[in-house]
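Got your viewer open? Here is a walk through the model, one selection at a time.

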Amino acid sequence: MWQEEVGVALAAGLIRLMGRPDGVRRLGLTGSVAALPGTATMLAAAAGEPRAFRAQRPTARGHRTDFTSAAPRILAQRLDRADLAEPLALALAAEVRGADGVADAWARDGHVLVSVTSAALAGVVEDLLDAHLAPAGPDASTCFAVAPARAAAARLAHARARNLTRSAHAHGVRPWPAGDVARGPALEDLVEESGVRELILCLAGSRDAADRVRETRRPDPVIAHLDRTAAAHRAWFETTRVTPRGAGAITSAHRSRLCLNDAATPVLAGGLAILGLDAPEHL
């Protein structure tokens, strides 16, 4: 589940909510405020504004909190009803809880917090491996000339990832091929390993970071995303093995870890390209 897809699920939840006869009343809009014809119209129209529902990574992660959205606060502010933020967060959390790829959702301080399933995270890796939904490459409006030092960690991470791939190949390890029915379940199992969830969540935010660059005309969103991805890749790299020890057998886990590493490579390279930087092949 890509980061922007969380916002799409929240917007769809609001549409479902407002489509019910008691939708406005469930949000606590009663009396004269609920009677205003513009209230329901504004909420329904907001569902077509992706930025209002944009998901972000939490600054301080709680248990299984993968993404958070301030959509309830934003919508409450538009209605000039600060007291609406929490009931709207509760209602949206209930609506999105059954969405495809969502493991759980709950409300806190006018925000919706979302946890995604292992299968949804495995899907991000598969998308990147198959290049179906890889981050968009740079264009004239999103290519910058940034000093290499501002993305030093990402350049090092890319070189480390490529070196890891070469080492794995030298030991006979190959990633799961596209179309192999065993790949999806194996990647789901991988999500529970140390550092994997955080790394995939970083990869899932790559398209959102590129979108923010296009909106702001500044490189900062991609720089921040690359720094976080590079840190996650390093933390994962330091606690895993892509190759067996000695004469040990190559296992499903080795192949899945190589898949994750190979999925991180285009994300790092794509972000560096937006910054006008090359992606080193060697340390």
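Which helix does Ser118 lie in? Select Ser118 and you land in helix 7, residues 118-130. Before moving on, a word on the ground rules. This is a predicted model, where local features need pLDDT of at least 70 and side-chain atom pairs count only at pLDDT 80 or more, while totals for chains, interfaces and linings use all residues. Residues are numbered from 1 along each chain as its sequence is written, and side-chain values use heavy atoms, with hydrogens and water left out. Helices (H or I, at least four residues) and strands (E, at least two) are DSSP runs, numbered from the N terminus.

Stay on Ser118 for a moment. Ser118 counts as buried because its relative accessibility is 19%; buried means under 20% relative accessible area, exposed over 50%, and partly exposed in between (1.4 Å probe, protein chains only). Now show its contacts, meaning heavy atoms within 4.5 Å. Leaving aside residues up to four places away in sequence, Ser118 touches Glu188, Val191, Glu192 and Arg197.

Next, select helix 8, residues 152-170. Its 19 residues should span 27 Å at 1.5 Å a residue, and the end C-alpha atoms are 27 Å apart, so the two agree. (The expected span is 1.5 Å times one less than the number of residues.) Color the buried residues of helix 8: among them are Ala154, Ala157, His158, Leu164 and Ala168. The buried residues of this helix pack against helix 12 and helix 13, the latter being 252-274. Just after helix 8, click Gly172, which has a positive phi near 85 degrees.

Zoom in on Ala161, also in helix 8. Is Ala161 buried or exposed? Buried, because its relative accessible area is 0%. Ala161 touches His233, Asn261 and Thr265, again not counting residues up to four places away in sequence. Try a distance label too: the C-alpha atoms of Ala161 and Leu260 are separated by 9.9 Å, with their positions 99 residues apart along the chain.

Time for the largest pocket. On a 1 Å grid over the protein atoms alone, a pocket is an open set of points where a 1.4 Å probe fits, with protein on both sides within 12 Å along at least five of seven lines; lining residues have an atom within 4 Å of a point. The largest pocket holds about 340 Å³ of space. Select Gln3, Arg57, Asp208, Arg212 and Arg228, the closest to its centre of the 15 residues that line it. Then show helix 10 (196-204), helix 11 (206-216) and helix 12 (220-237), each of which supplies at least two lining residues. Which helix gives the most to this lining? That is helix 12, with five residues.

Two loops come next. Asp109 sits in the loop between strand 3 (102-108) and strand 4 (111-116). Asp109 is not a glycine, yet its phi is positive, about 55 degrees. Asp109 counts as exposed because its relative accessibility is 54%. Jump to Arg217, in the loop between helix 11 and helix 12. Arg217 has a positive phi too, near 60 degrees, and is a residue other than glycine.

Last stop: the cysteines. Select Cys202, buried with a relative accessible area of 2%, and then Cys259, buried at 0% relative accessibility. How many disulfides does a search of the whole structure find? Zero, where a disulfide is a pair of cysteine sulfur atoms within 2.5 Å.

Key. Grid points are joined across faces, edges and corners, and a volume is the space filled by probe spheres set on the points.
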